[in-house]
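Q: Please take a close look at one part of this structure. I would like a single connected account of one sheet and its surroundings.

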Amino acid sequence: MDFWPSCGFNLLKRGTDGRLVVTDDYLRLYYARPELAPVAESCGAERALHASLLERPRRAVADPEIEAVADADARENYRVVLRFRDRMLAAATLEAFYFDLFRDDIAVPPDFIHHTAQVILRGILNGANDGLEARAAELFFRKQRVSINDGAIMLADDETVEMHANGGGFGNLGKLLKEGRTSPRTIELEVLEEASAGRYFERDERHDTVLNLNHGRPGCLALARVLERWIAHFHGVRSVVKPVREIPDEDWVWHVGLDAEATAMLNEIYNGGELEEERMKRVIGLFRVDFRDPVVMRPDVAGAPVFLGLAAAADGTLRMKPQNLLMNLPLAQRT
């Protein structure tokens, strides 16, 4: 099943280890981005530089070539994209590049980071036919709008909600959703269920489906499966991820927040603090990770579960940080 075709996954190659290798055509995808694509006002030097990169995507670009570009914004865009390209090419695989972004604290535009996560997820899910898993994977790279009504935890794409709230089709109903007072089910966004999951692939790049993240629901279980696959792909270890309703004190040895808000909340509770009730209501997901082989964990926590948390920010949005599963798991050795 093909999906997210515009992300460029089909332009990449697989290495012998199954990881993704950057190709010239994948680099051309970045040169075609609006930040670099020539416009009517582009000068001759800018057009020549762009044409030469399309012909030889890996070629070195001297600073005088960039300085010759008349538009200051275009010059800066070229510098940013070429720095990104050079760092990407310095890594053996796209996964290694993504890992190093956080290990070495490399400054990269957030859009490029999210796109890289999407492409890696597309590779992880290659061959999948579960629309719920693909929709759950969107949390890793697209900001979500959280709506909680009558106990239902609904996640809609924030950009899509914003567009419709500002006159893109839903009018006042979209504004209510934006403010978190109306469930996505009451407007034209479709809530994916097991029976309708296949329809995701008919609209995979429209980002107009809603995920129900309630404990034990198919959407929540799909997210747990994607978390398992993400951990396995980067760390080479097998785990079981299951939703939980709470974290028992006797089992709470290690936790990882999957977003900034959840990280702050879990840290505060773990250190003996108490959270006000309204803030606690923003916790939308807790998961328990058990590693199949305890030897992969640090000796001081071997055999203990790791708990993961998701929480909406005060403005009702969720920006997941999948890199936390790269940097913060208590593993004996990272690959």
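A: What follows goes from model confidence to the sheet, then to one edge of the sheet, and last to a helix.

This is a predicted model. Its mean pLDDT is 92, and 93% of the residues reach 70 or more. Over residues 170-174, however, the pLDDT is below 50. That stretch has 10 contacts in the model beyond near neighbours in sequence. Residues 181-187 also stay under 50. For them the model has 22 contacts beyond four places in sequence.

Now the sheet. It is open and has five strands. Their order is β5-β6-β4-β3-β11, and the pairing is mixed. Strands of a sheet pair through backbone hydrogen bonds, either parallel or antiparallel. The edges are β5 (190-191) and β11 (317-318). Each of these two strands pairs on one side only.

Take the β5 edge. Its partner is β6, residues 209-212. The two strands run in the parallel sense and pair over two bridges. Glu 190 stands opposite Thr 209 in β6.

The loop between β5 and β6 holds Ser 196. Ser 196 has 7% relative accessibility, so it counts as buried, the cut-off being under 20%. Leaving aside residues up to four places away in sequence, Ser 196 touches Glu 190 and Val 191.

Finally, helix α6. It covers residues 110-124, 15 residues in total. From first C-alpha to last it reaches 21 Å, close to the 21 Å expected at 1.5 Å a residue. Of its 15 residues, 13 are buried, so α6 is largely enclosed by the rest of the structure.

Note on methods:
Residues are numbered from 1 along each chain as its sequence is written. This is a predicted model: local features need pLDDT of at least 70, side-chain atom pairs count only at pLDDT 80 or more; totals for chains, interfaces and linings use all residues. Side-chain values use heavy atoms; hydrogens and water are left out. Helices (H or I, at least four residues) and strands (E, at least two) are DSSP runs, numbered from the N terminus. The expected span of a helix is 1.5 Å times one less than its number of residues. Buried means under 20% relative accessible area, exposed over 50%, partly exposed in between (1.4 Å probe, protein chains only). pLDDT is the predictor's confidence in each residue, from 0 to 100. Contact means heavy atoms within 4.5 Å. Two strands pair if DSSP finds at least two bridges between them.
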